[in-house]
Amino acid sequence: MAGNKLAIMFGVAAALFWFIGANAPQAFLAHFTVFVLGCFIGYMVVWNVKPALHTPLMSVTNAISSIIAIGALVQIAPPIAGAAGRPDDWIRALAALGIVLTAINMFGGFAVTQRMLAMFRK
Amino acid sequence: MSASLATVSYIGATILFILSLGGLSNQETSRRGNLYGMIGMAIAVIATVFGPEVTGAGYAWIIGAMLIGGSIGLYAARTVQMTQMPELVALMHSMVGLAAMLVGFATFIDPEASRAYTGAAKSIHEMEIYIGILIGAVTFSGSVIAFGKLSGRISGNPMLLPGRHWMNLTGLLLVIYFGRAFLNAHDISDAMLPIIIMTVIALLFGIHMVMAIGGADMPVVVSMLNSY
């Protein structure tokens, strides 16, 4: 990459980091650290995937994206349920539907990937 | 299970997910990679269900929902033709987008979820809800259109509306405007209108964005929506 573009990119990143560091609470920074490292790991790991395996890659990353199930699972019956003003039934209904949808993707996604990879058997 | 045990389980699941993607670097290790992904997901779900955030009252709901979803997913994966795989992946991914929207809304209407936050932390929490629903909505509607194009239900020709760039830009500016309104709202009922308007805009944007792309590029689009 040309030197100028690289310098500009680093400059923008530094400005963003400064903004975050000046305003964000400590807990957010811990999550932000994990996020940044995750981005690099994801980028580097996926670069190594052979072109022939790109479609199974699309399928398995889709299956892994059903990790959103965790978000729905913690809303179904948290310890704070029943607190005043908390619309428990609405939240439970939304979360239950969320779990059904992600379960379809979880089980279906890995099964689809398995079928795709089975085609590669020599 | 304590919160710390749940956390180390999540770290273990993360390691397995990374190894899962790494396994796809060549064909010999790819089947094992898929297995690592399954084990990682199982660990994450079990750690959550037996962790501090889920009480006994939820077990019936969770088991029921997972049974229904799991059987639909497995049935679809087993019976679909190999040539229909990309559209099945697009359809399943639209469900992830919809689930992300539902989770976002459930967090939004829960006053207990944001009670402990003040100041910058509260803004960050609210922004995460807003952006989460935004991205979930774009992913959902975009993936549905991708499914439509891949299955031939929608024409593969890109739908290039005149002024489409202005439409997209207007949508983005409106979303930012309502984002400010959302952050400044005093309570949940005040914030409801901005977030619903944003959701509608996001859904329309997802449709518009993918309709403007030709059918042959759909696998790339699905991968991109996947990353969202």
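Guide: A salt bridge here is a side-chain nitrogen of Lys or Arg within 4 Å of a carboxyl oxygen of Asp or Glu.

Visitor: How many salt bridges between chain A and chain B?

Guide: Zero. This is a predicted model, where local features need pLDDT of at least 70, side-chain atom pairs count only at pLDDT 80 or more, and totals for chains, interfaces and linings use all residues. Residues are numbered from 1 along each chain as its sequence is written, chains are lettered from A in the order written, and side-chain values use heavy atoms, without hydrogens and water.

Visitor: What about polar contacts across that interface?

Guide: Nine residue pairs, both partners at pLDDT 80 or more. A polar contact is a pair of N or O atoms within 3.5 Å; within protein, one must be able to donate a hydrogen and the other to accept it, and residues adjacent in sequence count only if both atoms are side-chain atoms.

Visitor: Which helix of chain A gives the most to the side touching chain B?

Guide: α5(A), with 27 residues. Helices are DSSP runs of H or I, at least four residues, numbered from the N terminus.

Visitor: How much area is buried there?

Guide: About 6,100 Å², 77% of it from carbon and sulfur atoms. That is the accessible area (1.4 Å probe) that the two parts lose on being put together, summed over both.

Visitor: Switching to B:Ser94: buried or exposed?

Guide: B:Ser94 is buried, because its relative accessibility is 3% and buried means under 20% (1.4 Å probe, protein chains only).

Visitor: Where is B:Ser94 found?

Guide: In helix α4 of chain B, residues 85-108.

Methods:
Helix = DSSP H or I, 4+ residues; strand = E, 2+ residues; numbered from the N terminus. Buried < 20%, exposed > 50% of the residue type's maximum accessible area, 1.4 Å probe, protein only.
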